[in-house]
Amino acid sequence: MPTFKVAVLEGDGIGPEVVSSALKVLKRVGELSGMDFVFEKALIGGSAIDHSGTPLPEETLSLCLESHAVLLGAVGGPKWDSLPTDKRPEKGLLAIRKALDLYANLRPAKVYEPLITSSPLKEDVARGTDFVVVRELTGDVYYGEPRGIFLDDGKRVGINTMKYTEEEIRRVVRKAFEIAQHRRKKLTSVDKSNVLEVSGLWRMVVEEEARNYPDVEVEHLYVDNCAMQIVRRPSSFDVIVTGNIFGDILSDEAAVITGSLGMLPSASIGERHALYEPVHGSAPDIAGKGMANPIATILSTAMMLRYSFGLKELADAVEKAVELALQRGYRTPDIYSDGCKSVGTEGMTEVIIKALEEVWQK
Ligand code: NAD
Ligand code: IPM
Ligand code: MN
């Protein structure tokens with residue numbers, strides 16, 4: 001029986017709360033299936049800054065490098081907001097993505113039928129929405145040089161650089177085509193090529209790669225139009241591929257269509273490593289209150305079972321258990337609607353574990 005070692009980085013705010021839920025689910029998956037998961041914790045983000053002065057300590061990085069997968073909660077919070085950009089908790093997250101070369105960030109947005117009334121969109125618009133944003137994660141304006149705040153003629157100028165090499169675009173675009181081939185075979189590439197040269201190159205590379213995937217239908221959208229089409233016709237999308245900053249923004253928009261940001265999981269994948277984290281942040285407004293929705297993090301562990309460990313049936317079981325809990329009417333406050341059963345983070349976790357046991361018995 002193989003042992004799967006998971007590096008666990010709880011982070012800040014609601015990070016420890018939602019990670020604790022996901023670990024309970026993963027432990028139960030292990031007990032039911034006989035798979036051996038071992039967890040080792042390390043610090044990242046604000047808690048790491050408080051402990052050792054840096055958002056990504058070396059021991060955290062080594063643990064991640066030697067583990068089979070990484071589970072991360074969220075980083076950041078008001079306590080560290082006055083730090084300069086390169087010393088903030090968020091820098092730890094950006095540094096680990098780069099160090100593990102996690103270039104493809106998969107963010108699946110799926111509207112569950114029991115949650116249809118929690119979507120801010122009309123029911124008939126939201127129904128059937130099931131797409132995945134493939135966000136490039138290690139390039140773009142997030143990492144481009146030069147960057148900084150400089151003095152020009154005695155006046156401050158803020159500079160960031162939007163930059164992509166051909167290879168960086170090609171590898172994530174290929175990944176997106178492959179994902180589309182296993183889904184409904186439709187790829188939407190999102191850029192701003194009417195204004196930006198980086199986007200012009202992006203579109204050229206997508207067109208070149210499209211010849212290698214003739215079974216996949218390709219659509220190009222400018223990012224402003226895409227933001228609009230996502231709320232107008234969300235169920236028409238299958239795979240959306242885009243750069244780092246556009247993907248960041250569009251995936252929060254996609255998330256809320258499903259009812260709450262607390263529902264959206266993610267997998268960040270490279271050739272050698274993978275990291276799983278909810279799309280949401282550390283939610284300082286609800287941290288420590290036991291009311292965070294743990295589903296995004298629990299579904300992130302399902303993605304881990306599927307992509308890192310090849311345990312498809314176990315991943316399906318976790319996803320099914322989440323769906324059952326929702327069907328039975330259990331809701332954390334962010335997805336609550338009249339007539340449902342109100343639960344907190346722990347309550348939702350227990351209901352999902354119970355559902356998992358039933359799914360497993362069948
Ligand atoms: P956020 O995602 O933390 O919160 C946005 C809103 O969604 C808040 O009202 C919050 O209460 C709600 N929310 C988020 N997750 C939820 C959950 N699981 N259950 C219920 N409600 C949930 O975004 P923000 O407020 O813009 O950022 C807060 C901090 O988190 C900042 O420091 C930011 O940099 C950081 N952040 C980190 C990550 C990450 O670690 N991956 C992602 C986004 C933001
Ligand atoms: C996310 C977050 C991060 C990002 C921040 C916290 C650095 O918003 O994971 O979506 O912009 O990538
Ligand atoms: Mn984001």
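**Pockets and a cavity in the predicted model**

The lining of the second largest pocket draws at least three residues from each of domain 1 (1–108 + 264–362) and domain 2 (120–258); these bounds come from an automatic or database domain assignment. This is a predicted model, with local features needing pLDDT of at least 70 and side-chain atom pairs counting only at pLDDT 80 or more, while totals for chains, interfaces and linings use all residues. Residues are numbered from 1 along each chain as its sequence is written, and side-chain values use heavy atoms, leaving out hydrogens and water.

On a 1 Å grid over the protein atoms alone, a pocket is an open set of points with protein on both sides within 12 Å along at least five of seven lines, a cavity is a set where a 1.4 Å probe fits but can't get out, and lining residues have an atom within 4 Å of a point. Points are joined across faces, edges and corners, and a volume is the space filled by probe spheres set on them.

The second largest pocket holds about 740 Å³ of space. Its lining has 30 residues, with Glu90, Lys91, Leu93, Leu94 and Tyr142 nearest its centre.

As for the largest pocket, about 880 Å³ of space lies in it. Of its 36 lining residues, Pro108, Met303, Arg306, Tyr307 and Glu319 are the closest to its centre. Domain 1 and domain 2 both chip in residues to this lining, so the largest pocket lies between them.

Then there's the closed-off space: a search of the whole structure turns up 1 cavity of 30 Å³ or more. The largest cavity has a volume of about 70 Å³, and its lining includes Asp140, Met162 and Trp202.

Note on methods: Chains lettered and ligands numbered in written order.
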